[in-house]
Amino acid sequence: PIERGIPVVDLPDAVVMPGLINCRTRIGLDSRTGTVSNPQLVAADELYAGTDAYRELLELGVTTVALYPPGRGIMGQASVIRTDGGTVEELVVERSGYLSMTMASDRSAKKSIQDAIDDVDDYLEDVAKDREKWEKKREKDKKKKDDDEDEVFEPEVPDPDVLALLRFVTGDLRGQFSIRKTADVLHLWDVLAEQEELVYDLHIPLRDDMYLHELAERIGERGLRVICDPDITAHPGTRRERNLPAELVAAGASLAFLPRSAESVESHRRWLADVGELVAYGLDRQTALRAMPLEPAHAIGMGDHLGSLEAGKRADLLIFDGDPFETTTKLQAVMLAGELVHGELNQ
C-alpha cells in the first residue's frame with residue numbers, strides 16, 4: 001500500500017531492476033597481495049574514500065561492492081560498501097560480509113585451512129570444558145546459585161584470528177573459497193570432508209584449460225553458489241565452445257557473475273552486455289538477471305536486504321529505457337535507498 005504523501009513516479013516505458021552487486025573486487029584498493037593468512041584482517045581498514053572509482057561504478061548502475069583483503073590462504077574478511085558515500089563511514093554497509101579464502105592443490109594450502117579449523121575445534125573444546133567446570137562449581141555452591149540466578153557462563157574471548165574462523169565454522173559468517181584449477185575444488189572438499197555444515201561459495205575464474213564440467217553435478221548436489229565471470233570457454237584441447245555457467249545451473253548450482261575484470265571500471269561498463277551474450281548462448285534469462293543483483297547479495301550475506309524488488313528491502317533501483325542486456329539500452333537513472341543519486345527520471 002502506498003501511504004498518503006508518498007510520491008509516485010509513472011514510467012510506462014521504463015525497465016526497472018535492482019542495483020548491480022559486485023561480490024568480489026579490490027577496485028579502489030592497493031592491489032598488492034601477500035602470502036600470509038590473516039583471517040582477522042578487514043578490508044574496510046584499507047578503504048580510501050577519495051577514489052573516483054566508486055562514483056564511476058555508481059553511474060554504471062553498480063550500487064554495492066564487496067572488497068576483499070589481499071593475501072593467500074585465509075585472506076580475511078570482505079567488507080560491503082555502497083558506492084555513493086563521501087566518507088569511509090558513509091561507504092561501509094557491513095565491515096564483515098564474508099571470510100575470503102583461497103585453496104590450491106598443494107600441501108601447504110590444505111594445511112593452512114585445516115590448521116585454522118583445528119584451532120577453532122580446540123577453542124570450542126576448551127569452552128566446553130570451562131562450561132562444565134563452571135556448572136559443577138555452581139551446583140556445589142547452592143547458596144551462590146540461589147543468590148545469582150541471572151548469572152550466565154561467559155566463555156573466554158578467542159584471539160582475533162580464531163574469532164573470524166569461529167564465526168565461519170559456527171555459521172555466523174559466510175565463506176568464499178577462490179580456486180584456480182579444477183583439482184583445487186577436490187582438495188577443498190577433502191579438507192572440508194568432516195565440515196559438511198559449513199556455508200561457503202566457490203569463486204572460479206573460468207578458463208579454457210579447466211575441466212569444471214566434470215564436477216558440475218557434484219557442485220550442484222552440494223547446492224553451492226559459483227561466482228564466475230560471464231565467459232564462453234573452449235573444451236580443453238579443442239575449439240568446441242562450452243557455456244559452463246549454464247551447465248552449472250542445469251546441474252543445480254546457483255550462479256553469481258563478476259565483471260570479466262573485477263578491478264576495471266571499463267569491464268563494469270560492459271558487464272550487462274557480457275552477461276547478455278551468455279543469454280544468447282542459451283543461459284536462462286531469469287538466471288542471468290538473478291546472477292547480477294540477487295545471488296551476489298546472498299554471497300555477501302545481505303540477501304535479506306538487497307538484490308530484488310521486494311517490500312522491506314533497500315530501494316536500490318536502476319531505471320533503463322529498454323532491455324538491460326541490449327547494447328543500445330541506456331541507463332537513465334540510479335536510485336539508492338529510494339533517493340535519486342544519478343541521472344534523471346523522464347516521466
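Reader: Hi! I'm looking at strand 7. Which residue there does Q176 stand opposite?
Author: Hello! Q176 stands opposite D201 in strand 7. Keep in mind that this is a predicted model.

Reader: And how do strand 6 and strand 7 pair, parallel or antiparallel?
Author: Strand 6 and strand 7 (residues 200-203) pair in the parallel sense, over 4 bridges. Between them the chain passes through helix 6 (residues 182-191), and this β-α-β crossover is right-handed.

Reader: Nice. Which strand is joined to strand 6 by 5 bridges?
Author: That is strand 5 (residues 92-102), which runs parallel to strand 6. For one pair to look for, L99 has G175 of strand 6 as its bridge partner.

Reader: What holds paired strands together, anyway?
Author: In general, strands of a sheet pair through backbone hydrogen bonds, in either a parallel or an antiparallel way.

Reader: Okay, back to strand 6. Is it enclosed or open to the outside?
Author: Strand 6 (residues 174-178) is largely enclosed by the rest of the structure, because 5 of its 5 residues are buried.

Reader: Which way do its residues point?
Author: R174, Q176 and S178 point one way, while G175 and F177 point the other way. Residues on both sides are buried.

Reader: Let's switch. What is the strand order in the open sheet of 4 strands?
Author: The order is 1-12-13-14, and the pairing is antiparallel.

Reader: Which strands stand at the edges there?
Author: Strand 1 (15-18) and strand 14 (339-343) do. Each has a single partner strand, so one side of each is left without a neighbour in the sheet. On average, neighbouring strands of this sheet are turned by 25 degrees against each other, direction ignored.

Reader: How many bridges are there between strand 1 and strand 12?
Author: There are 4 bridges, and strand 1 and strand 12 (residues 317-320) pair in the antiparallel sense. M17, for instance, has L318 of strand 12 as its bridge partner.

Reader: Helices now! At what angle do helix 3 and helix 5 cross?
Author: The axes of helix 3 (residues 107-140) and helix 5 (residues 160-169) cross at roughly 85 degrees and come within 9 Å. That makes helix 3 roughly perpendicular to helix 5.

Reader: Which residues make the contact?
Author: From helix 3 they are A116, D119, V120, Y123 and L124, and from helix 5 they are V162, L165, L166 and V169.

Reader: What classes do those belong to?
Author: The contact of helix 3 with helix 5 has 8 nonpolar, no polar and 1 charged residues.

Methods
Residues are numbered from 1 along each chain as its sequence is written. This is a predicted model: local features need pLDDT of at least 70, side-chain atom pairs count only at pLDDT 80 or more; totals for chains, interfaces and linings use all residues. Side-chain values use heavy atoms; hydrogens and water are left out. Axes are lines fitted to C-alpha atoms, for helices over the stretch in contact, and angles run from 0 to 180 degrees between N-to-C directions. Helices (H or I, at least four residues) and strands (E, at least two) are DSSP runs, numbered from the N terminus. Angles under 35 degrees count as roughly parallel, over 145 as roughly antiparallel, 65 to 115 as roughly perpendicular and the rest as oblique. Contact means heavy atoms within 4.5 Å. Ala, Val, Leu, Ile, Met, Phe, Trp, Tyr, Cys and Pro count as nonpolar, Asp, Glu, Lys and Arg as charged, and the others, Gly among them, as polar. Two strands pair if DSSP finds at least two bridges between them. Buried means under 20% relative accessible area, exposed over 50%, partly exposed in between (1.4 Å probe, protein chains only). A crossover is right-handed if, with the strands pointing away from the viewer, the path from the first strand over the helix to the second runs clockwise.
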